[in-house]
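Please open the structure in a viewer and keep the selection panel at hand. The tour proceeds by selection, one stop after another.

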Amino acid sequence: MNVGTMPLQAVWDSVLGYSSLLRSPFFPVFFSLSVYLFFCLPFVLLDLLSSRSALVRSFKIQPKSAASWETMRSCLALALYNHLVYIFPVTVLHWCWRPVSLPREAPGLLGLLWGCLACLLLFDFQYFVWHLLHHKVPWLYRTFHKVHHTHTATSALTTEYSGAWETLCLGFFAAINPFILGCHPLTELVFFVLNIWLSVEDHCGYDLPWATHRLVPGGLYGGAPHHDLHHLKFRSNYAPYFTHWDRLAGTLHRHED
Ligand SMILES: [Zn+2]
Ligand SMILES: [Zn+2]
């Protein structure tokens, strides 16, 4: 066994214990939906508490906004519909085209961390270009991206409130990057989980003390306050996660600007 793979071998061995589940054509849709709902749940609970707790409200990026039951219901319904009608058939086609291969050996820890970061940076760039284009070309905005802008204040379940084209493009960007970079399946899984978490956090509507943008130094990461401002004002902060592309394009703004 390669020494570099040792820290993750036990983790990978236990993941391989579920190899029949991992090889199932139903796994990608089940995985993406359940991870998404799991990450949304704590923020939904905060939303329910926010009308009664001034402490919870103090962390809200837009303190006067409140996610109604109707908003939550419609967001949940659209996410379920998109997973069932679009993501499921596409992931089954992908499963037929590229059957799951599960090597015995785990990736090295450094390889996993580098792979996840590279996938995130690539995804961030791809969505920045896609997003900018879908705001600058009025037809693209009206036809494909406007749905995601239904809500001017973010809340966790608005993360996947998008039309078919946007849902499929984002799914494609997320799926193609580990393939392009030749990532190990464990790296791919960790990247998917991280990507779902960061997209939910972007839309959570709260600026919490442990938020990713507070943990990454130098203002390199935008996170929830940046993306919430994008939903509020439409004309800035097109990259989902990092700030460098908006900084280069002159489209980086903060809530206080
Ligand atoms: Zn937008
Ligand atoms: Zn958004």
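The stops below concern a predicted model, and each names what to select and what is found there.

**Stop 1: the zinc ion (ligand 1)**

Select the zinc ion (ligand 1) and display its protein donors. These are the NE2 atoms of His131, His135, His145, His149 and His230, lying 2.1 Å from the ion. Along the chain, the donor residues follow the spacing H-x3-H-x9-H-x3-H-x80-H. Because His131 belongs to helix 6 and His230 to helix 11, this pair ties together parts that are 99 residues apart in sequence. Is His131 buried or exposed? His131 is buried, and His230 is buried as well.

**Stop 2: the zinc ion (ligand 2)**

Move next to the zinc ion (ligand 2). Its protein donors are the NE2 atoms of His148, His203, His227 and His231, at 2.0 to 2.1 Å. The angles among the four donor atoms run from 93 to 156 degrees, and the site is irregular. The sequence spacing of the donor residues here is H-x54-H-x23-H-x3-H. Within this set, His203 of helix 9 and His227 of helix 11 link distant parts of the chain, 24 residues apart. His203 and His227 are both buried.

**Stop 3: helix 11**

Now select residues 223–233, which form helix 11. How many of its eleven residues are buried? Nine are, so the helix is largely enclosed by the rest of the structure. The buried residues are Gly223, Ala224, Pro225, His226, His227, Asp228, Leu229, His230 and His231. To see what covers them, add helix 6 (109–136), helix 7 (138–145), helix 9 (185–203) and helix 10 (212–215), which are included in the cover. Just after helix 11 comes Phe234, with a positive phi near 70 degrees.

**Stop 4: helix 6 against helix 8**

Keep helix 6 displayed and add helix 8, residues 164–180. Their axes come within 9 Å and cross at roughly 155 degrees. Helix 6 is therefore roughly antiparallel to helix 8, and the crossing is right-handed. On the side of helix 6, select Cys119, Leu122, Phe123, Gln126, Tyr127, Trp130 and His134 as the contacting residues. The contacting residues of helix 8 include Trp165, Cys169, Phe173 and Ile176.

**Stop 5: Asn195**

Select Asn195 in helix 9. Its relative accessibility is 8%, so Asn195 counts as buried. Apart from neighbours within four places in sequence, Asn195 is in contact with Leu120, Phe123, Ala174 and Tyr241.

**Stop 6: helix 3 against helix 5**

Turn to helix 3 (residues 27–50) and helix 5 (residues 69–97), whose axes lie 10 Å apart at an angle of about 170 degrees. The two helices are therefore roughly antiparallel to each other. Residues of helix 3 at this contact include Pro28, Leu33, Tyr36 and Leu48, and they face a set in helix 5 that includes Trp69, Met72, Leu80 and Phe88.

**Stop 7: Pro103**

Finish in the loop between helix 5 and helix 6, where Pro103 lies. Pro103 has a relative accessible area of 31% and is partly exposed. Leaving out neighbours within four places in sequence, Pro103 is in contact with Trp12, Leu16, His184 and Pro185. For a distance check, select the C-alpha atoms of Pro103 and Trp114: the two residues are eleven apart in sequence and 19 Å apart in space.

Note on methods
Residues are numbered from 1 along each chain as its sequence is written. Chains are lettered from A and ligands numbered from 1 in the order in which they are written. This is a predicted model: local features need pLDDT of at least 70, side-chain atom pairs count only at pLDDT 80 or more; totals for chains, interfaces and linings use all residues. Side-chain values use heavy atoms; hydrogens and water are left out. Buried means under 20% relative accessible area, exposed over 50%, partly exposed in between (1.4 Å probe, protein chains only). Helices (H or I, at least four residues) and strands (E, at least two) are DSSP runs, numbered from the N terminus. Contact means heavy atoms within 4.5 Å. Donors are N, O and S atoms within 2.8 Å of the metal (3.2 Å for Na, K and Ca); water is not among the atoms, so sites may look incomplete. Four donors count as tetrahedral if all angles lie between 85 and 135 degrees; four count as square planar and six as octahedral if opposite donors are over 155 degrees apart and all others between 65 and 115; anything else is irregular. Axes are lines fitted to C-alpha atoms, for helices over the stretch in contact, and angles run from 0 to 180 degrees between N-to-C directions. Angles under 35 degrees count as roughly parallel, over 145 as roughly antiparallel, 65 to 115 as roughly perpendicular and the rest as oblique. A crossing is left-handed if the near helix is turned anticlockwise from the far one by less than a right angle, and right-handed if clockwise.
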